[in-house]
Amino acid sequence: MRRQLPILIVFVSGIFMIIQYFIPHESFEFIYEYAMDWIIIIGIFAMLLGLWSLTRASVSKVQTKAPGWGYSVMTLAGLVAMIFLGVYKGNQSIAEGTSFMDIFWNIYTPIQATMFALLAFYIASAAYRAFRARTVMSTILLVTALVIMLRLIPLGPLSGINQTLASWILTVPNMAAKRAIWIGIGLGATATCLKIIFGIERAYMGKD
Amino acid sequence: METIGIWIAALLTLGIFSFLYKDNPFYKFCESLFVGVSAGYWFVTTFWQVFMPKLADNLVAGRFYYIIGAIFGVMMLLRLIPKIGWISRWSLALVVGTTAGLYFTRYLVSNGMVQVQYTIISLYVKGNLSQTIGNLVIVIGTFSGLIYFFFSKEHKGAFGGLAKLGIWFLMLSFGASFGYTVMSRMSLLIGRMDFLLGTWLGLIR
Amino acid sequence: MRKKNLKIFLILTFFCFLILPLSQILAQVDTLPPATPTEVRAGDTPNDNGHSITVTWKLSADDGAGRKDVVAYEILRSESPAGEFVVRGMVPAGNNTYQDRGAKEKEDKNYFPPHHDFYYKVRAKTLKSYSESEVAGPATAYGQWFHIGKLPVFVGTLAFTIMVLTFIGLARKGKELYVRPLAGIDAVDDAIGRATEMGRPILYILGLGTAADIATIASLTILNRIAKKTAEHKTKIIVPCMDPIVMSVAQETVKAGYLDAGRPDMYQEENIFYITSMQFAYVAAVNGIMLREKTATNFYLGKFYAESLILAETGSVAGSIQISGTDEIAQIPFFVAATDFTLIGEELYAASAYLGREPLLLGALKAQDLAKAIVMISLALGAFAASFHLDFFLRLFSVQM
Amino acid sequence: MKFLEKLLAVDRRIIFLFIAIAVALPLFFVVKLHIEVTPVVRNLHNALEALPPGSKVLVSLDYDPGSMPELQPMAESFFRYCFNRDLKVIIMGLWPNGPIQANVALEVVLKEPEIMKKNLKYGIDYVNLGYTAGNEVVIERMGSDIPVTFPKDYSGNKTEDLPLMKGVMNFNNIDFVYNLSAGYPGTVEWVLFAVDPYKVKLGAGNTAVQAPQIYPYLNSGQLVGLLGGMKGGAEFEIATGYPAKAVRYMFSQSVAHAVICLFILLGNFAYFATRKKKGS
């Protein structure tokens, strides 16, 4: 019951999903649509697990006065404020112009955009460290990256040649390598799916 | 009000940027606030935009099939009760099984068959040397790239040579993607700088 | 001067008289109905759920040819040949097929009843006039039980499943299966050993995927193996998650790893926790964990998006050894550049088999290799054949949706 | 030589500083950077030039604030171009944030002196139909009936009552479609559900990350032209003769790219110089 039934559920639902791909008939389409909605609904319930984990961890830090507990207070404050502002006026709470959206625009959005913008710095430092002509491999990496980056720098008469070379690299050899990776991923992922469906890969189920 | 909003946004922006120098209380403050606000935002928007239309509205409309989803959802929550926590595996099994089946055909088609189909191209294009070379490179690159991903044979001899060619192709592709992405990442920083220097301080424009 | 004006006046009047009838003729041409569309056929749409009928016709002689004034076709439907025809849809000139589709839910106002006779007409339209074809039908919509266009996928599915099961069967019988060494895998043991020596924790990031992502499941299997090793080494492992279900599964997986190592007492659930489901807030918090916990080894295995480089660079600032792997093709370059070892695409899926050394999992890997060999041979032969305009191999892989 | 070794292990914060300066400093200058207009952008501009004044252009903004730096300048330059050419603009969004982004862009463009002179009126010269949920299905429904798909505009006016929307039934009454896209739903859906079935003329602007996936549609002619990332945006501004934000930003881009390239070259120089020394 504890281990066999879940494996059976995995097998039946997995095989059903494979079969339904080949059957256009509406009876299968209906079950497929319900199954997809159930998955979404399970995800919504699981949200509470997440909130529970976050809240418990933060509260226990505050209670035990663990180092940095003050920051946990901030997290809890942000969480509670958002949930309160987001529900107290019913579904109008998240309309444009509410305090909920004010926080979204003036706190959430700028922090998110700035976190994202950190990448501009990191891409530069990663390039500096990684792009050294130590081996043939790293030289290829370095040279192609340079060629592609140079297309944004005015080089006078060289610009035209560089432009052509850059677009050739992007559309030809780049495409070939991506295809190889894609096909490999396809095989790896399909094999993993089969291992899951046939109950060979079951580490994710845990043990008793 | 708008000015206060801009000031808050600008200070938080600086707080996140300060992490580039080193971890500091200012960053920790922004980080913890961000975590709380984002978790709340995510919960609230999922509630109104997914839970209500997908479950509540359907149940109200009398589509009781959706109860099954809700039952599985509640089972998931039983994890919080250690004694019967194992029941949550049933919902997990449904999620994993369904998506494994769904992704099986999806990966097989779009990562396997479609890619192979695109790669079966003529090696000789009459009167078009550059396309002939291009097609040849694509076929050789894909072929040698796949050799690299072969697990059953050690990379030695001619086979190893092909595998090496394959990894060269991979590196070329990685370099190209890296170089190409620099522009969009710089765009993000330009956006923030424009906000700080223009919208906030009014120094530019 | 006056004479000249008179002359102009006369000429103008003359032209006016000339233009008047001409414009009348032109207007008539404009309202003249176009040639009717012919050979109208209506029939069940193949490979569908049974709520659509496909109508085809031969273009009006005035569409693209003749007077060239047809602008569109309207498709009309009725329940009896003499009954009232209702417009179902319109396509621009030059098109000769229309799929009359509807919803499958009975309560939908756009419901399309299956097993029901319908009659169709096609109306060719000019800007000011139209003409209608003869009635076609009856046509009935019904659902199919197999999608013919997906036959190649079906064959592929069967073949690959048989291959995987055969190799797993061979492995079960105890056949030795060789796999070549993989650099990233060998590094795992060293990385765990290093953390133990330094007395610092290991950080394991499952990525942004949900429990529904195959890469995440592959990563969870790897986590199980690594948790077993950390339990043996008595090293702390931290797993911050961004999906609640993934968090629950990760807790089970790590617990199982500790059980396998015979150290269930050492398992601490609070080290596998949820942060938030929003990408960059999650990253902000993980950044903090790396620097504050001073993790010796960071694993990034699973689905990763733009945050890959933020994580990898922060980890590098902290001086951690980093092992990464993803099937998200756009992020592989950043992991390759910024981490010490990267499992590229398929290697991520292979890693669980490598780490566990379980014969059953290795069997699946062999099946992957066989499939790869078949793909490579088809690719080489196919490209060769395509050079001589033979498309046999192409058809082997072509899927109609 | 000490210096070279130091350079090899340079503190990344020095690189960060250079990047920050390289991006920020050029924003203060207006430099006439030579930007060549590539054929894909030229084609888009030519297709737009061929539209007679008064033509109706549908603009779909399918992105959110995350892609603002790349796509917002494109939105502004496109509106500016349309207003200057007296084209009528119909705005919509497949992403909830799209119509808001449009209003932000309109606010900028409508304040410009040359546009102010035209005395443009909402409802006559431009409308914002807002957002409708349903992704590609929205496009499909617009193919048969636009007023039914968007019964009300962004501010709640009845679509039928807007003078500009008089006679706009479906794609047959739209002369050009322009789409700014940051992913799904976006340009791909517009090609599949508007271009293929209804033969509309479509031009697009995409984020740099997204653009390579769109290229195949250019080669097949399903897409008239494409602006890829900030560079594409700048090229469009040059082509239309109104260099604006994207062109200004491109100066930052060039300097930042140059700084990264220089650092890479410097790093390699230091690497080889120190290695030679160690070897001897």
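How many residues of chain B are in contact with chain A, and how many of chain A with chain B? Select the two chains together in this predicted model, and you will find 103 residues of chain B in contact with 107 residues of chain A.

**First stop: chains B and A**

With both chains shown as surfaces, bear in mind that they bury about 10,100 Å² between them, and that 83% of this area lies on carbon and sulfur atoms. Next pick out Tyr41(B), Trp48(B) and Arg89(B), which are the residues of chain B that lose the most area to chain A, although together they make up 7% of what that side buries.

For the polar side of this interface, select Asp37(A) and Lys54(B), which form a salt bridge whose closest N and O atoms are 3.0 Å apart; the count between the two chains is 1 salt bridge. Across the same interface there are 14 residue pairs in polar contact, counting pairs with both residues at pLDDT 80 or more.

Now colour chain B by helix. The elements that give two or more residues to the side touching chain A include helix 1 (2-17), helix 2 (25-60) and helix 6 (157-200), and helix 2 of chain B gives the most, with 25 residues. If you colour by class instead, this side of chain B shows 69 nonpolar, 27 polar and 7 charged residues.

**Second stop: the largest cavity**

A search of the whole structure finds 3 cavities of 30 Å³ or more, and the largest cavity holds about 60 Å³ of space. To locate it, select Tyr204(A) and Met205(A), then Met76(B), Arg79(B), Ser88(B), Arg89(B) and Leu92(B), and finally Ser248(C), Val249(C) and Glu252(C), which line the cavity. Arg89(B), already visited for the area it loses to chain A, is thus met again among these lining residues. Helix 4 of chain B and helix 5 (244-260) of chain C each supply at least two residues of the lining, which by class has 5 nonpolar, 2 polar and 3 charged residues.

**Third stop: chains D and A**

Finally, select chain D with chain A, where the contact takes 27 residues from chain D and 24 residues from chain A. The area buried here is about 2,400 Å², of which carbon and sulfur atoms give 76%, and Phe16(D), His257(D) and Ile264(D) supply 22% of the area that chain D buries against chain A. The count between these chains is 0 salt bridges, while 4 residue pairs are in polar contact, both residues being at pLDDT 80 or more. Helix 12 (245-279) of chain D is one of the contributing elements, and it gives the most to this side, with 14 residues.

How values were computed. Residues numbered from 1 in each chain as written. Chains lettered and ligands numbered in written order. Predicted model: local features only at pLDDT ≥ 70, side-chain atom pairs only at ≥ 80, totals over all residues. Heavy atoms only, no water. Contact = heavy atoms within 4.5 Å. Buried area = accessible area lost by both parts, 1.4 Å probe. Salt bridge = Lys/Arg side-chain N within 4 Å of Asp/Glu carboxyl O. Polar contact = N/O pair within 3.5 Å; in protein donor to acceptor, adjacent residues only side chain to side chain. Helix = DSSP H or I, 4+ residues; strand = E, 2+ residues; numbered from the N terminus. Nonpolar A, V, L, I, M, F, W, Y, C, P; charged D, E, K, R; others polar. 1 Å grid on protein atoms, 1.4 Å probe; cavity = no way out; pocket = protein on both sides within 12 Å on 5 of 7 lines; lining within 4 Å. Points joined across faces, edges and corners; volume = space filled by probe spheres on them.
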